[in-house]
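Visitor: Can you walk me through this one? I'd like to begin with a sheet.

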Amino acid sequence: MSSPWLVLVLVGPASGLVLSTPLFPVSISHGKTALLPVSLNFSSSVPTYFQIRWRFITGPWLVLIVKADNCGRDNGTHQWWETCEIIVEKAERYRHRAEWSSEDASLILRDVRVEDSGVYEIKLLALGVRVSTNINLTVINAPVSLMKAEFGRDYTVPNIIRLTLAGLILCLLGFIIAENVASSYSRQRDTRVNQVEIPFSSSASVEQCFLTYENYPI
């Protein structure tokens, strides 16, 4: 279900101009592309020259200007952006992030940030015409601790479990390595002890031989 729109229908010099904007604020997550939708229609003739100015009022500063010139008259089979020569001029701060939708008067903001939140004004200027309306943009900065993936799945608990298991495995490996080192050291020590005891055992046998020889009657 689409959200309600605010429709401005002008009379007098701007007769036949219809400017429509959404009533509710536009909400978008940090880092995404925001579309500030505006519908601009001319039910009668299109002015030969007019401008569409997007301005960030909260700033305040200009975002971009769409200049429509040499707009030809047609029988209503073409949209105004198809019959006009379009030039888009961007403010330096929005040079790589702001775009005109090229199919209406809407504004596209790429890689939105929390500081982009606020009120945006669209103003149409033509001969004898000056009309404007506002759109609110809210940029939601999701907490980093949530660690949510693109489809909204929360990976915090599984990651904690994996890290815990990895820590336990590392502790177990460390214990096994320490046991092997201690066992190897113990075996090497026992070997050295045995190697030292052998000469003493031989000396004892030699001494016993001497004792036997001395006790042998001549």
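Guide: This is a predicted model. One open sheet has three strands, ordered β4-β10-β9, with antiparallel pairing.

Visitor: Which strands stand at the edges?

Guide: β4 (34-36) and β9 (98-100) do; each has a single partner strand, so one side of each has no neighbour in the sheet. From one strand to the next, the twist averages 25 degrees.

Visitor: How many bridges join β9 to β10?

Guide: Three, with β10 covering residues 107-109 and the two strands running antiparallel. Within that pairing, Trp100 is opposite Leu107 of β10.

Visitor: What does Val88 touch, leaving out residues up to four places away in sequence?

Guide: Ile65, Val66 and Trp100. Val88 itself belongs to strand β8, residues 85-90. Between Val88 and Ile65 there are 5.7 Å from C-alpha to C-alpha, and they are 23 residues apart in sequence.

Visitor: And why is Val88 classed as partly exposed?

Guide: Its relative accessible area is 33%, and partly exposed means between the 20% limit for buried and the 50% limit for exposed.

Visitor: Switching to the whole protein: how many helices and strands are there?

Guide: Two helices and 12 strands. The order from the N terminus is β-β-β-β-β-β-β-α-β-β-β-β-β-α.

Visitor: What share of the residues counts as buried?

Guide: 28% of the 218 residues. The accessible surface is about 14900 Å², and carbon and sulfur atoms hold 60% of that.

Visitor: And contacts over long separations in sequence?

Guide: Taking contacts with a separation of 6 or more, 50% are between residues 24 or more positions apart.

How values were computed
Residues numbered from 1 in each chain as written. Predicted model: local features only at pLDDT ≥ 70, side-chain atom pairs only at ≥ 80, totals over all residues. Heavy atoms only, no water. Pairing = 2+ DSSP bridges. Helix = DSSP H or I, 4+ residues; strand = E, 2+ residues; numbered from the N terminus. Axes fitted to C-alpha atoms, helices over the stretch in contact; angles between N-to-C directions. Buried < 20%, exposed > 50% of the residue type's maximum accessible area, 1.4 Å probe, protein only. Contact = heavy atoms within 4.5 Å. Areas by Shrake-Rupley, 256 points an atom, 1.4 Å probe, with all protein chains shown as cover.
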